[in-house]
Amino acid sequence: MNLTEKSNKKIIVEMWADYMCPLCYIGKTNLETALDEFKYKEDIEVSYRPFQLYPKAPLNKERNYYEYTSGTHNNISVDYLREANAKIVAMAKSIGLNYDLDRLIPTNTTDALRITLYAKGKGKDKEFSTKIYSAYFEKGLDIGDERTLTNIGAEIGLNSEEILKILKTDHYKNELNESRLIAESI
């Protein structure tokens, strides 16, 4: 097939990510920017898949990002973390993302990832994940909070009542775990 012929086949790009990963948001943004500029973008389908980095992370309990991260990484110094993260913040800024790690609320991402799976079923996972990343890294919102999740879902046209029903059950937890296992086996 030459490049002028139209193929009915799509190339599927699978992207595994967790909302607590600052490099994942940068990678997602770079991928989407590259695809927007790609001549054959209609032949590419991106499948966003959850990969929870710390499934047992606690929900937020008024913790500071730097202190929390220090505690989860063998108590490396907060000053070192600020310096190291300054490079990530600069990298984000270079592509138009405005990280504010001083306001970031560390939390468990299980519920945000479960609602992403719900959004995927509605064809809105790209929109939802972009809003969740922004809420977490740029706006200092608690993405482990059901109000935050329902508000973001409603902003993109998801049913708030359905989101609340999901959050009160274990719905999508098996799919979340399966996605992690698939990614680990690749």
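Let's start with N85. Leaving aside neighbours within four places in sequence, N85 touches Y65, Y66 and L101. This is a predicted model, by the way. N85 sits in helix 3, which covers residues 78-93. Is N85 buried or exposed? Its relative accessible area is 6%. The cut-off for buried is under 20%, so N85 counts as buried.

Next, the pocket. The largest pocket holds about 350 Å³ of space. Its lining consists of 20 residues. Which of them lie nearest the centre? M20, P22, Y65, T69 and H73 do. Y65 we have already met, as a contact of N85. Which helices supply the lining? Helix 2, residues 65-72, gives at least two residues, and helix 3 and helix 5 each do too. Now the chemistry. The lining of the largest pocket has 15 nonpolar residues and five polar ones. Charged residues are absent from that lining.

Last, a helix pair. Two packed helices are described by the angle between their axes and the distance between the axes. Here the pair is helix 4, residues 110-121, and helix 5, residues 125-137. The angle is about 155°, and the axes are 8 Å apart. Over 145 counts as roughly antiparallel, so helix 4 is roughly antiparallel to helix 5.

Where do they meet? Helix 4 brings A112, I115, T116, A119 and K120. Helix 5 answers with D125, F128 and I132. By class, that contact has five nonpolar residues, one polar and two charged. Compare the pocket: no charged residues in its lining. And helix 5 plays in both pictures, packing with helix 4 and supplying residues to the pocket lining.

How values were computed:
Residues numbered from 1 in each chain as written. Predicted model: local features only at pLDDT ≥ 70, side-chain atom pairs only at ≥ 80, totals over all residues. Heavy atoms only, no water. Helix = DSSP H or I, 4+ residues; strand = E, 2+ residues; numbered from the N terminus. Buried < 20%, exposed > 50% of the residue type's maximum accessible area, 1.4 Å probe, protein only. Contact = heavy atoms within 4.5 Å. Axes fitted to C-alpha atoms, helices over the stretch in contact; angles between N-to-C directions. Parallel < 35°, antiparallel > 145°, perpendicular 65-115°, else oblique. Nonpolar A, V, L, I, M, F, W, Y, C, P; charged D, E, K, R; others polar. 1 Å grid on protein atoms, 1.4 Å probe; cavity = no way out; pocket = protein on both sides within 12 Å on 5 of 7 lines; lining within 4 Å. Points joined across faces, edges and corners; volume = space filled by probe spheres on them.
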